[in-house]
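Colleague: I should like to go through this chain and ask what lies behind each term that is applied to it. Please give the criterion in each case.

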Amino acid sequence: MKFAARKSSPRYPNRVPGVFLFLFIGGLLCLFGFWSLSIGQKPKKPSFLEAEDRQLDHALHQKQDDFEIVVFYPQEPQEIVSTAKQQAEQLMTSLSTKKTEMPELPAAKQESPEPILIKADYHTEILERNTLSVVYLIQKKIGDQIVEDHWGYILDQETGELITADQAFDPTGLDRISALFRDAMKNREATRDLAYTLPFITASAPAPENFSNFYLEEDQLTFFVDADAENPSEISRNEGNTINMIPEISKGLRWSADRNQLGSHFLLKPGEEESLFIPPRTVDPQRPMVALTFDDGPHPRNTPRILEALKAYDGASTFFMVGTNVERYPDVVLQVAENGSEIASHTYSHPNLTRLSADSLNVQLNRVSELVDELTHQQIQVKTLRPPYGAVNEQVKEASPTPLILWSLDTLDWKTRSAEKTVDLVLSQVEDGDIILMHDIHAESADAAETIIPKLTEMGFQLVTVQELMEAKGLSMSPGQKIFSANQDN
């Protein structure tokens, strides 16, 4: 029996597509349900006392009824953890001590004060010589107000020890730091009086121990200098800086400088070197001052000794140089410029100018200026000249392109060759506005200068260049004019 073939048809023609449709709609409903549950819920953000990428178990944590403090610190590399924790503990102690210092709050906040919240979180930067800069952002939250402060340090990643100034800066770098810091303090109203005192001058001398409390953030070096200030945090506040919340760790005056001003002399992140660094100098016209001047140099041993004494006591002098010695000792000439002292002319070869022909006179009056232009690439111009033996006539005055600087106090050091006699003469006769004549070619004169410079500073005199002296006293100078002092009575 044969059955005729019959074309079959599915019993449920839409079954498979329907299943997929059902699953698709179900999935959408589930997603919608989860989305509905999360409406109005934002992703959890770290609280004020939490860091974005750190946990509280990697921090020091102190909590009382009226305050809560969290201080994070680096956990790696392992070599630095011990020191980093010690620094964090000191910071915690400091913040706990200073927690009551707060800005003025609205009356409502004062009646119902909220707990003070303080967070100290850090970031790091790897520097050269395998060192690590650790910089803290310290935030104090009082009510709706947040006060910020910064602090930091630099570590050796191999030993875990703190980096000191003698490891981070070479001697030239320290010289620049000292000069820049002193000038900055003279130009702050709150520190101006302090900046001229002997304790401050000593505390800001270019010695490693004076500048070893520092850190680097981006291109800013920040120093805490332990000068003799009665209330350094008040000084910081008066200058519009952030409140100093960390005095127990970083005592003293806070000051920042661009590390590029140090050129290659900041060894941990060297910048480009300038051809010649001329330190800024500020003179207070209301304070007494004298101009020490030195003839016949520069000298390879004596001149640097005098410069070191001037540097230590925030002073500068005028060095009347003989051209032949400028040619012989160019490095010493540059030292004078980078010390902030004045390079001046004592003629090319030290003749009596009144006995020269016009051509020879012209060479003697101008050659030193040409040599200094070449040596300093015109960064320094010679603006004053001292005629040898003080000899001047009408021909010299008419031919001179600069003022002719003489003196009001002659030490006769060239004659006595006695450091003791030179010191006694200066200290017994010195007056405000004096131009004092000495010679840096004699070792005895350098000996005397090393005593005179601190003594004059202690007596309250600013040690300035001839140009600074005349400008501060409001006196003009003209080519060929004979200048004896800045005391108008003379």
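Modeller: Let us begin with helix 5 (residues 171–186), which lies across strand 7 and strand 8. The model is a predicted one, in which local features need pLDDT of at least 70 and side-chain atom pairs count only at pLDDT 80 or more, whereas totals for chains, interfaces and linings use all residues. Residues are numbered from 1 along each chain as its sequence is written, and side-chain values use heavy atoms, with hydrogens and water left out.

Colleague: At what angle does helix 5 run to strand 8?

Modeller: Helix 5 runs at about 120° to strand 8. Such angles are taken between N-to-C directions, from 0 to 180 degrees, and axes are lines fitted to C-alpha atoms, for helices over the stretch in contact. The helices (H or I, at least four residues) and strands (E, at least two) are DSSP runs numbered from the N terminus, and this chain has 17 helices and 16 strands.

Colleague: What makes strand 7 and strand 8 a pair, and in which sense do they run?

Modeller: Two strands pair if DSSP finds at least two bridges between them. Strand 7 (residues 220–225) and strand 8 are joined by 6 bridges, so the pair meets the criterion. They run antiparallel, and Val 225 has Leu 253 in strand 8 as its bridge partner.

Colleague: Which strands are the edge strands of the open sheet 6-7-8?

Modeller: They are strand 6 (214–217) and strand 8 (253–258), since each pairs on one side only. The twist in this sheet averages 20° from one strand to the next.

Colleague: How many strands form the open sheet with mixed pairing, and in what order?

Modeller: That sheet has 5 strands in the order 1-2-3-4-5. Its edge strands are strand 1 (59–63) and strand 5 (145–156), and its twist averages 15° from one strand to the next. Strand 3 (residues 116–127) pairs with strand 4 (residues 131–142) in the antiparallel sense over 11 bridges, and Leu 127 has Thr 131 as its bridge partner in strand 4. Strand 4 is joined to strand 5 by 12 bridges, again antiparallel, with Lys 141 opposite Ile 146. Their hairpin has 2 residues between the strands, and Gly 143 there takes a positive phi near 65°.

Colleague: Why is Asn 487 called buried?

Modeller: Buried means under 20% relative accessible area, exposed over 50%, and partly exposed in between (1.4 Å probe, protein chains only). Asn 487 has 18% relative accessibility, and therefore counts as buried. Asn 487 is in the segment after strand 16 (482–483). Not counting residues up to four places away in sequence, Asn 487 touches Glu 431, Asp 432 and Gly 433, contact being heavy atoms within 4.5 Å. Of the 490 residues of the chain, 48% count as buried.

Colleague: Where does pLDDT stay under 50 with 0 contacts beyond four places in sequence?

Modeller: pLDDT is the predictor's confidence in each residue, from 0 to 100. One such stretch is residues 1–16, and another is residues 34–40. For the chain, the mean pLDDT is 86, and 80% of the residues reach 70 or more.
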